[in-house]
Structure formats: structure tokens, C-alpha cells
Amino acid sequence: MSALLQFKDVDVHYGPIQALKKVCLEVNQGEIVTMIGSNGAGKSTLLMSIFGQPRISDGQIIYQGEDISQKSAHYVASNGLAQSPEGRRIFPGMSVEENLLMGTIPIGMEHCDEDMQRMFELFPRLKERRNQRASTMSGGEQQMLAIARALMSRPKLLLLDEPSLGLAPIIVKQIFQILADVASTGMTIFLVEQNANHALKLADRGYVLVNGEIRLTGSGDDLLVNPEVRDAYLGGH
Amino acid sequence: MDIVLQQLVNGLTLGSVYGLIAIGYTMVYGIIGMINFAHGDVYMVSSYLTAIAIALFSFFGLDSFPIIIFGTLIFTIIVTGAYGWVIERVAYRPLRNSSRLSVLISAIGMSLILQNYVQISQGARQQGIPTMLSGAIRFDIGDGFVQITYMKLFILFAAFLGMGVLTYIIQKTKLGRMCRATQQDRKMASILGINTDRVISSVFVIGAAMAALAGVLVTLDYGAFDFYVGFIIGIKAFTAAVLGGIGSLPGAMLGGVILGLSEALFAGLISSDYKDVFSFSLLVIILIFRPSGLLGKPEVEKV
């Protein structure tokens, strides 16, 4: 079985600084794959490089058999990749509904009403606030909106960048519960996280990124009990 | 009393024209953060296109007023829109990732190119068109009277209709949402599948189309123009955009109307020689108390 998304020896440079070094990874259809790593390890760079921001300096990013590393961001998005990015990046001046509408750009308005209802069932908080300006919502609600917006394009692969960032533990728990629900519908998810505990419990497989290099890889359960991972990312207990 | 009323009417028409042109400045600033100094000259080009269209229509014997007006509006808006598209493509897009200063210089260059191109191809002398719509409504008030020409009424109607249609497009349509998304976060917009280059192009076309609407209306009313008319009205419209809060669409319209009204009142009641001094002083005073303009949002430093 060929991978849905595959990184082959990917290098990324910011000027003289190398952010990713010969990264190889793959995400197969129907899998939940996570990548854990500390601040500055290159996790967000890795996700954004899928959209060519920044462009990779060497290697290949293969999506559905095609090298997309030199394609434009809107081309990539139009082909079934959706991202809930680091810092959420919802449109602050738009209402919740309008933000969700922005997610439908790649597929058009055909399934819009139906999908929006689905999002409101998944995230009841968003329904209460559907006409509210997105900037006035709490961090957790904004995170839910960012995930819902990504789901509105009916992606083949959902990319999530630190959905737990800056949120209270109880909200993090809620969000991971919702992600588990989304995963149970057969959605392929590639999740980048610092919160190794939640991420590895959710994921089928995981990678550990250290200073732009993949240090470890294995099943979620194996990594959870791996002493190196426990020491570095799970508080060492 | 009658002077005040008369100048209110004059100021409102002038202000609506400033507002139309200010839209182009404010939308372009909102989406790519640059001041399009060639925008006044796009307006100037539309004056010439108005005259060309009227000449063409009369040449083919279509000289009833509605046909000429609507034909001229459509022709001028489309061709001026094409100018806006080409200008962005040629002068600004290649510099998309360079410093703001380079784009600014490119804009000034574009402005000079347009002026010289029109001067060479159309001549440096002032040109004119015949009056298309004459007559006025007259209200007697006490000893004096207020006179509103049909042309001024038409300007008011067309300008506010144009602003209304644009507001609807920006607020309610997919294109409008894509414009706002690109304005708020260009990188995120592209990740959601928006072709941001195309959105930026369409903003230039919209801005040029609004300037063209203003160009047709003013040319029909005033009759005379030369290759330099874009400069002063461009500066005024830019002032209106800054006054209302650059980047804000309702701000541009409001700024235009306020500037037009205060300029007309000052000219009528105090001194018409110093009306420009007054409008720019007004700008300075408002910026002292509201540095981001009347409806502009203060720039928040992201931590």
C-alpha cells in the first residue's frame, strides 16, 4: 500500500539555519500519525512546508503519488489537504459562520449546509456563537473553530498543528475527545504536538522530532513507554 | 442660510467622488499594505476614456442621453479595470516579496508613466466634452435659493449606488469573503485554497472600477480635464482614506464625505483660496486625536 503523504529526505533552510534535516516520514490512508517534539524542533515548519511556506531546499513531498513540494499553497489545499495551523489563525474580523464558509473554498458550497450542521454537532459551542466575531471567542473556542474550518473542506488528510497550545487541561481533553470522534469516522490525521501524552494515546504511530531530525519512530503505545520519550516529553515519571 | 445649504449639496457630491476614489487606496492598502500612488492617474485615464466613449457613441449616432451615459459607464469601467489589472501585474506583482519601499517607488514610477503616456498620446492641452445633462431643481429659501443640477443629483445617486453595490459584494459574496480573508491573513487564506494573487488582482480591478465611476461622473459634470487632473484629486482621495482609517472600506466612504463637506463649507463661508489648507489641517487634527483614522483599527503589535 502506498502512502497518502510521504516526506523523502526533506531539508528546509531558513537562511543559513537548517530547520529540517533529511526528514523521512509517511502517513497512510486511514491512519492517525503524530509527530512530537519540543519548541523549535521544526514541527510547524514541517507542516507548513507541505504548503510550500517555506519551500523545501532538498528532497520530495509526495502526496497521492505526486511531488507537491513546488506547488502553490492553493493547489495543495484544493487537492484535499487541510490544516489547522499553529496559533489557529482564524479570521478575527469574521463571524464563526463566515470562518467556516472559508473552509469550503476547495470544494464549493454544495455540501455547505450539511457540513456546517455536522460541525455544530461536533462542536456545540460554535453553534451558540455562530454569529459572533471570531476574535471575541476564548482560545479553546478558536481552536475548535480552526479544526472545524479545516474539516469543512472534507479533506483526505487533516493536518493539525498543536491543537493543545495554550489551552487549559480540561479543554485539551475535550479537544482530543473530539479528535478521537473525528478519527473514528475514518479520517486520516497527521497531528503535530508537544503534548506527547494525549497525542501518543490518540495516534496509531508516532515520530519524535529533535532539532529538525527524526530521532525515534514507532507505534503510539511503544513510544508512550519508551524511556527516552518518557524522560524528555512526559515529565519523566 | 442658503449658502450653507448650497454648499452642503456641493460638498456631498464632491465628497461622494472622493469616497469612490478613496476606496481604491484603502482596499489596496488593506490587502497588500502599499499606497498605490498611481491610483490618481488611473482616475485621470478614466476621464480620457469617458471622452473617447462619448465621441464613439456620438459618431455612431447613439446620442440619446441614457444610452451615452450607460454605454460610457460600462466602457470606461471595463477598460479602466483592465488598466488596474495590468498595473498590478506589471509594476507590483514582481515586487511582491521585496521591501515596501521598492513597491512604493514602482508606484510613483507607474504614476509618471501614465501621465506621460497620456500626455504624449492625447496631447498636453486641456480637453473637454460637451454638456450632456443640463437643467436644475431650484428651491427658493427666503431671499436666496438653492440650486441642485440634475447632473449633481445623478452623481449622488450613482456614487452611492456604486458604494452600496461594493459593500454588498465585500460583505455577502464569496469574492468579498476571499478579499477579507486575504486582507486579514494572506498566508492562511492561501492554505485554505484561495488563490491570493488572483484576489489581489481583483482588488486592483475593483479599485480602478470605482475610480472609473468617479472619473465618468466628474468628467460629465465638469467637462474639462488634462493629463494632470489625477494628481490633486488623488491626493484628496488619499487624504479621505487616511481620515476615515486606511484599510477600512466604510472609513474611505465616510472620510470622503466628511472631507468633501468640510471643504465645500469652508470654501463657501470663509475662503475658497484656503480650502485645501483647511482640508489638510483637518486631517492633521483628526490624526492627532485618532492616529488610525476615524474607523481604522489601531495596529496591535503581536507578541
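The exchange below asks how the descriptions of this predicted model follow from their definitions.

Reader: What numbering and confidence rules apply here?

Author: Residues are numbered from 1 along each chain as its sequence is written, and chains are lettered from A and ligands numbered from 1 in the order in which they are written. The model is predicted, and local features need pLDDT of at least 70, side-chain atom pairs count only at pLDDT 80 or more, and totals for chains, interfaces and linings use all residues.

Reader: How do you know what confidence the predictor has in chain B?

Author: The pLDDT is the predictor's confidence in each residue, from 0 to 100; chain B averages 93, and 98% of its residues score at least 70. Among the elements of chain B, the lowest mean, 88, belongs to strand 2 (residues 136–141) and the highest, 97, to helix 8 (residues 196–222). The model as a whole scores ipTM 0.91 and pTM 0.92.

Reader: What makes strand 1 and strand 4 of chain A a pair?

Author: Strands are DSSP runs of E of at least two residues, and helices are runs of H or I of at least four, numbered from the N terminus; two strands pair if DSSP finds at least two bridges between them. Five bridges join strand 1 (residues 5–14) to strand 4 (residues 58–63) of chain A, so the pair satisfies that definition. One of the partnerships is that of A:Phe7 with A:Ile61 in strand 4.

Reader: Why are strands 2 and 5 of chain A said to stand at the edges?

Author: The open sheet of chain A has four strands in the order 2-1-4-5, with antiparallel pairing. Strand 2 (17–27) and strand 5 (66–67) each have a single partner strand, so one side of each is left without a neighbour in the sheet.

Reader: Why is helix 6 of chain A described as largely enclosed?

Author: A residue is buried if 20 or more other C-beta atoms, placed from the backbone, lie within 10 Å of its own, exposed if 12 or fewer, and partly exposed in between. Eleven of the 13 residues of helix 6 are buried, so the helix is largely enclosed by the rest of the structure. Those buried residues, among them A:Met144, A:Leu145 and A:Arg149, pack against elements of chain A including strand 6 (81–84), helix 4 (112–122) and helix 7 (169–184).

Reader: How do you know that the length of helix 6 in chain A agrees with what is expected?

Author: The expected span of a helix is 1.5 Å times one less than its number of residues. For the 13 residues of helix 6 (residues 139–151) that gives 18 Å, and the end C-alpha atoms are 18 Å apart, which agrees.

Reader: Why does A:Arg88 count as buried, and what does A:Asp9 count as?

Author: A:Arg88 has 23 C-beta neighbours inside 10 Å and therefore counts as buried, whereas A:Asp9 has 13 and therefore counts as partly exposed. A:Arg88 sits in the loop between strand 6 and helix 3 of chain A, and A:Asp9 in strand 1 of chain A.

Reader: What makes the backbone at A:Asp9, and at the bond between A:Gln53 and A:Pro54, worth a remark?

Author: Most residues other than glycine have a negative phi, and most peptide bonds are trans. A:Asp9 has a positive phi of about 50° although it is not a glycine, and A:Arg88 likewise has a positive phi, of about 70°. A cis peptide bond, with omega about 10°, joins A:Gln53 and A:Pro54; A:Pro54 is found in the loop between helix 1 (43–49) and strand 4 of chain A.

Conventions. Contact = placed C-beta atoms within 7 Å.
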